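Here is a short report on one chain. Look at the overall fold first, then at a few individual residues.

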Amino acid sequence: MNILKKLYHNYPVLLLLLLGVLIFITNLDVLMVNIMEARNFISAREMLTHNNWIFTTMNEAARYEKPPFPTWLTAISVYLFGMESLFAYRLPAALTSILLLIIFYKLQLLLVIKKNVAFISSLILMTSFYIVFSGRDGQWDIFTHAFMMGAIYFIILTLNSDVKKYRYAIIAGLFFGASLLSKGPVSLYALFIPFLISYSLTYKFPNRKVNWKPMLLFLIIGISTGISWTLYVHHYDAEAFAAVAELESSRWLNYNVRPFWYYWSFFTQSGIWTIPAFLSLFYWYLKPRVSNLKAYKFYILWTLFSVILLSIIPEKKSRYLLPVLIPLAMTTGFYVEYIIKNFGRRLSKIERFPVYLNFIVLAIIAIAAPFVLYYFFGTAIWEKSFYFLLVSSTLILVGIGFVFGLLKKRAKLLFGLQFLMILAILNFGFPLLELISPHRNDPNIASLIKYEEAEKIQIYEVSGIIPELIFEYGKPMPELNSEGDLPAEAKTKKIGILVHQEEDPEWKENFQSYNFQLIDTLDLNPTMAKGENSRLIREFYVLTKK
């Protein structure tokens, strides 16, 4: 504990880095690869194997839905650490999450927020559910928002510094361009514009006569860098790019459409911080209680404007709320600071109620966790008995600690245990997820590859590709509609095909020159959900020329 105190007082950034490693990097290769990750990882792999660094592909087909900067970083990581390493594919996102964490902390200090509040808010940010998920997942959302936060930090430095304005403006422009090169204008719309609105309403824009030139430089560098790839690909592969652009733009209006109020429960995406996050939004309650009213007003406006702008777009997904969690962590930090200072003496019964509710719920979850885990995994859990006993004993102690902290009214202990609870789950509990990996199914992709190598056949996909399968397969898998699509040299050979279980039986009429033999059914669902998602199931046939 003394070491942690010394690190906090003397090297807070170093302490955040160490905690960031424990949150984002440990057990990074445990979770099964999801569909979005698989698409991104395939593109990164084909950058290396096919040298497609500009004209990005997935399964050898053009993939221009997203700019390539995170894919470049992922490809470099894979080159350094190995193409078979899932850790290598996910490492850039994890490191970018730690970068976001450090920028977030430094931004609070820049806005004259007290060091302890800035640190508390950083702990909240790094343990908010969707921040943790995005940082340990190979999606590109964390990249675009982390880089945009870098741009925001250096913009504020540019506006408020008397020296180095142009240096800060150049760095801000590079971060801004990196954000656009990560996921187009997503963060510009969901994070940057709400920042501009809320900052103008609270801090204004000082010294406009002095700042307009460096800000113009920022815009020129940021926009030119950010759109460079788009312009290049649009010029040299216009037809494919136009088709992708039309599909993507139509999705904003017609795909996954949700009502305007779909995001109104946005605070729940902070996970373990849901109750404090919700209470931190009561502006008139916290207004006389926060240590920096101007900063609190800025962050709550930033949060609300971000939610409003996201709500306007018809297409809605829960992961799009990621940028909202960044300013929300700061408003939550102000609330937590107030509770820590006043829990033991000054809080009214009404104010104490949500605090008790929060930690009683967490205590129940922590103490019940071992029983829930055993029910979920069954006797297979004893294959990971060390981790099961470790996470169980830790969570039970944390649960007891919650009860002790409530009885003794030690708010600092309670919130420290709340952070420790996430650490325990990620470091001791995550290895248990290997027990439900699709790799444990029989047959699995490894057995499919072995069969292919033993029989010396080419395998084709008939029903549309499964990105997760292509990633695990390790190389592109050709698609077929009929035997007429086969290369000439393959038409006289035995071939393998994968067919969706629910495919119309008439598909066999497209392969009339072949005899069919059903070899097995491949299920990529987790072991505890076999057969649940039909998209992840394929029947494997071997076709032999009649």
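Helices and strands here are DSSP runs, numbered from the N terminus: a helix takes at least four residues in H or I, a strand at least two in E. In those terms, Lys 456 sits in the loop between α20 and β3, the latter covering 458-461. The model is a predicted one.

**Overall shape**

The chain holds 21 helices and six strands. Its radius of gyration is 26 Å, close to the 24 Å given by the globule rule for 546 residues, so the chain is as compact as a globular protein of that length. Along the principal axes, the C-alpha trace spans about 85 × 60 × 45 Å. Of the 546 residues, 52% are buried. Take the contacts between residues at least 6 apart in sequence: 77% of them join residues at least 24 apart.

The surface comes next. About 25000 Å² is exposed, and carbon and sulfur atoms supply 64% of that area. The chain carries 51 positive and 38 negative charges. The mean positions of these two sets lie 22 Å apart.

**Backbone exceptions**

Most residues other than glycine have a negative phi, and most peptide bonds are trans. Which residues depart from the phi pattern? Lys 164 has a positive phi near 60° and is not a glycine. Lys 456 is also not a glycine, and its phi is positive at about 55°. Both sit in loops: Lys 164 between α8 (141-160) and α9 (165-183), Lys 456 between α20 and β3.

How exposed is Lys 456? Its relative accessible area is 74%, over the 50% cut-off, so Lys 456 counts as exposed. Lys 164 has 44%, which is between the 20% and 50% limits, so Lys 164 is partly exposed.

The peptide bond between Asp 442 and Pro 443 is cis, with omega about 5°. Pro 443 belongs to the loop between α19 (411-429) and α20 (445-455).

**Two buried polar residues**

The table sets out the burial of Asn 40 and Asp 523.

| Residue | Element | Relative accessible area | Side-chain polar contact |
|---|---|---|---|
| Asn 40 | helix α3 (residues 35-50) | 0% | Arg 63, 3.2 Å |
| Asp 523 | strand β5 (residues 514-523) | 10% | Asn 525, 2.8 Å |

Why does Asn 40 count as buried? Its relative accessible area is 0%, under the 20% cut-off, so Asn 40 is buried. Asn 40 lies in helix α3. Its side chain makes a polar contact of 3.2 Å with the side chain of Arg 63. Arg 63 is also among the residues that Asn 40 touches beyond four places in sequence. The others on that list are Lys 66, Thr 71, Gly 138, Gln 139 and Trp 140.

Asp 523 has 10% relative accessibility, again under 20%, so Asp 523 is buried. Strand β5 covers residues 514-523 and includes Asp 523. The side chains of Asp 523 and Asn 525 are joined by a polar contact of 2.8 Å. Beyond four places in sequence, Asp 523 is in contact with Asn 441, Lys 530, Gly 531, Leu 536 and Ile 537.

How far is Asp 523 from Glu 539 in sequence and in space? The two are 16 residues apart along the chain, and their C-alpha atoms are 8.7 Å apart.

Notes:
Residues numbered from 1 in each chain as written. Predicted model: local features only at pLDDT ≥ 70, side-chain atom pairs only at ≥ 80, totals over all residues. Heavy atoms only, no water. Buried < 20%, exposed > 50% of the residue type's maximum accessible area, 1.4 Å probe, protein only. Polar contact = N/O pair within 3.5 Å; in protein donor to acceptor, adjacent residues only side chain to side chain. Contact = heavy atoms within 4.5 Å. Rg over C-alpha atoms; globule rule 2.2 N^0.38 Å. Areas by Shrake-Rupley, 256 points an atom, 1.4 Å probe, with all protein chains shown as cover. Lys, Arg positive; Asp, Glu negative; His and termini not counted. Charge placed at Lys NZ, Arg CZ, Asp CG, Glu CD.
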